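Trainee: Could we look at this one together, step by step? I'd like to practise reading a structure.

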Amino acid sequence: MNLCVLGAQWGDEGKGKIVDLLTPHFNVVARYQGGHNAGHTVYVAGRKFVLHLIPSGILHPGVVCFIGNGVVVDPQALFAEVDELAGMGFDVAGRLYVSDKAHLILPYHRELDILSEARRGERKIGTTSRGIGPAYEDKIGRRGVRVGDLRDTSPDGPLVGAVRENVDARNRLVGNSDMKWQDVVADLRTAWTRLEPLVADVSLRLGQSMAAGQRIMFEGAQGTLLDIDHGTYPYVTSSNAVAGGACTGLGIGPKAIGAVLGVAKAYTTRVGEGPLPTELHGAMGERLRESGQEYGASTGRPRRCGWYDAVAVRYAVRINGLDALALTKLDVLDGMGSLDICTGYRCGGEVLTDMPGDTAQLAACEPIYETLPGWTQPTRGVTRYGDLPVEARAYIRRLEDVSGVPAAVVSTGSERDHTIIRDDSVAAGWFR
Ligand code: GDP
């Protein structure tokens, strides 16, 4: 059965670790959206790998990885990641492919990203300034350049025409810019020599894999609450991080997704701007940030931290059709005297149990908490559910109740083997 693994909160839930952990049960891992703004951190035998664009499954020799059409690709970022992996002993040749329909991030996208954030001032989104949003804007604006367009090597063909038009338009917008389209084209020609062997019709290849009975994991980046349509707009990413994004971002039908696993932290974090109802501003927030090492994998930015928000996770369950959760970073809560769980919001005299669609309304919501006792015995590295302190099991049970799905996987540390896979859960069959 094919499995979609995605973020059930505001991103940084630990998807990298979970995808890496589950990869041995799959033949293929395919990433369906986002760009190198994602940062998936994986620890294997004490070694740290941060993957931005390449699916986390690449750390398993023999597994084939695809970057789908829904992803935006900065060729230099891709090559840097390939080189870094090679330096660590992972050869990607013959096991990494990029869709010819994926859109390219070009140098003017990075500049436009920085410019647009500066222009927004106080209303800035908090982007990673890597050109991802502007590349998606060009895609939707039907003026983007796709990986497959680089096949056109004629001096005055459509590729040169598109780049020239885009660079000219950007120079007009920026005013004092002197970017030359000839330089951009020259860089693209150089990039093509390295990109060409990686290019594939990803939809076709995935269809062939399925026909051959292979198992595929679809990997999301960012998180449900950062989805362009279903997240806290406009404080969102520029693509569909939800399960539906796997269909459009890879060219597969919805029935190809056999099950959906949502990755959620045992508390909540968010990076960048936008509402976060359970945010903790004082010493408790600081404590979560320090013990959880909540600093962005891509940018190093400190993450905003708060209690587990079951309203947000229930929403993720509905939007994605989640079958189960992979609950991560339980160990970060070790030693907390008590733990709050947000089960609803109080908003303008009303009690809400469903996520409001309006971002301003969400920003005005106050969390309604219930409080559970914490635990003193460490959970870090625990691999059997029964070995967890009784309070930790009660906490997980309550999270399952208020979220509406079971926690099939519980992560108790950043290493692969710091994990509990619950044999009695809905997900047990996925891992056989
Ligand atoms: P992703 O983008 O969703 O893959 O998440 P990030 O890589 O940005 O952030 C997750 C961080 O938490 C990484 O540094 C992981 O190594 C770490 N991590 C994942 N699971 C656990 C866990 O159960 N406990 C602890 N302490 N760290 C974890």
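Mentor: Happy to; we will go through the ligand and then a cavity, keeping in mind that this is a predicted model.

Trainee: Which pocket does the ligand sit in?

Mentor: Let's start with how much of the ligand is wrapped up. One of its oxygen atoms lies 3.0 Å from a side-chain N or O atom of Arg 303, and the protein covers 92% of the 580 Å² of accessible area that the ligand has on its own. As for its place, the ligand sits in the second largest pocket.

Trainee: Which elements each supply at least two residues of the shell around the ligand?

Mentor: There are 19 residues around the ligand, and among those that come nearest are Lys 15, Gly 16 and Thr 41. Now look for the elements that span those numbers. They are helix H1 (15–22) and strand E3 (40–44).

Trainee: How far is an oxygen atom of the ligand from an N or O atom in the side chain of Ser 411?

Mentor: Ser 411 is one of the residues that come nearest to the ligand. A polar contact needs a pair of N or O atoms within 3.5 Å. For the side chain of Ser 411, the distance is 2.5 Å.

Trainee: How many nonpolar residues are in the lining of the largest cavity?

Mentor: The lining is made up of Phe 49, Val 50, Leu 51, Glu 81, Glu 84, Leu 85 and Met 88. Glutamate counts as charged, and the lining has two charged residues and no polar ones. The number of nonpolar residues is five.

Notes:
Residues numbered from 1 in each chain as written. Predicted model: local features only at pLDDT ≥ 70, side-chain atom pairs only at ≥ 80, totals over all residues. Heavy atoms only, no water. Near = heavy atom within 4 Å. Polar contact = N/O pair within 3.5 Å; in protein donor to acceptor, adjacent residues only side chain to side chain. Areas by Shrake-Rupley, 256 points an atom, 1.4 Å probe, with all protein chains shown as cover. 1 Å grid on protein atoms, 1.4 Å probe; cavity = no way out; pocket = protein on both sides within 12 Å on 5 of 7 lines; lining within 4 Å. Sits in = over half its atoms within 2 Å of the grid points. Helix = DSSP H or I, 4+ residues; strand = E, 2+ residues; numbered from the N terminus.
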